[in-house]
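Me: Could you walk me through this one? I'd like to hear about the strands first and the charged pairs after that.

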Amino acid sequence: MILIVLLLILSLDLRAADAPSPAKIANPVKEADLATVTLTPQAEQRLGIKLVAIERRAIANTRTLPGEAVLPLAGAKGGVAPVVGGTLDEVLKLADAQADADGRVETARVQLDGAKVAHDRAQKMLSAEAGSVRSVDEAKTAVQIAESALTTAKERRALLGGEVGNADGARLWIRVPVFIGQVGDLQTDAPARVRILAGGERAPAVSARPVTGPPTASAASATVDFFYQLDAPLPGLRAGARVEIAIPARGESEALVAPWAAVMH
């Protein structure tokens, strides 16, 4: 049985040897016989060719983290603007909260108007000796309570910023969730570099400075959110787009440094 298998393999090898070659090379030349090109100094200057030694330098540490482009809503109280991401759920939740806050403001305004009418009526009745001082005091207290309720409702509405539909699309922020264990290693008060993921490694990167955003975090992933504002527009970036952001870290590391023009892909 083994002899039969060996004979079959031998016959297959002989057939493969007799089969025509899939490619034919005409006038083959050995690599050692190829021409040698010597560039003159003028040719090297025109081509921009330069020899540079690779150096070992101290490089500032950075951490590259994922981020999301969000839209800040202007007009928030205290300078902390709420942000809207690219999902419909975020937009609807904020729009619903704003509508509810607007309704509370309007309700408080109507209650204040009613309290003022009741106070004026009590004051007139007292002047006509048909009412009491106590009723006037109670009406005055009701006005003060209504005024306080209106002020509180307005402040709560101010925390939600401008209307969702009037967001400034040219002023994008970057929301970066940072693991709580990394916060101490990052220089979150220093500018960072942002690059859109769709462009790959050669995509342009722009500088972004840290800004004060809403104090949001995720207990499930043990992350806190940091916010950065782009110093220049990033082509192709819109709310909800994913980016990578290089944030400066503390300390330095030694590394071999070569010019970017010398790197070939």
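Reply: Below I take strand pairing, then the core, then salt bridges. This is a predicted model, where local features need pLDDT of at least 70, side-chain atom pairs count only at pLDDT 80 or more, and totals for chains, interfaces and linings use all residues. Residues are numbered from 1 along each chain as its sequence is written, and side-chain values use heavy atoms, with hydrogens and water left out.

Me: OK, which strand does strand 1 pair with, and over how many bridges?
Reply: Strand 1 (residues 55-72) runs antiparallel to strand 8 (residues 242-257), joined by 13 bridges, where pairing requires at least two DSSP bridges and strands are DSSP runs of E, at least two residues, numbered from the N terminus.

Me: And which residues touch the most others in the largest nonpolar core?
Reply: I174, V194 and L237 do, in a core of 23 residues, meaning buried (under 20% relative accessible area, 1.4 Å probe, protein chains only) Ala, Val, Leu, Ile, Met, Phe, Trp, Tyr and Cys joined through side-chain atoms within 4.5 Å. Strand 8 gives the most to this core, with four residues.

Me: Switching topic, how many salt bridges are there?
Reply: The count is nine, taking a side-chain nitrogen of Lys or Arg within 4 Å of a carboxyl oxygen of Asp or Glu.

Me: Where do E244 and R195 sit?
Reply: Their side chains meet in a salt bridge at 3.2 Å, N to O, and this pair links distant parts of the chain, with E244 in strand 8 and R195 in strand 4, 49 residues apart.

Key: Buried < 20%, exposed > 50% of the residue type's maximum accessible area, 1.4 Å probe, protein only.
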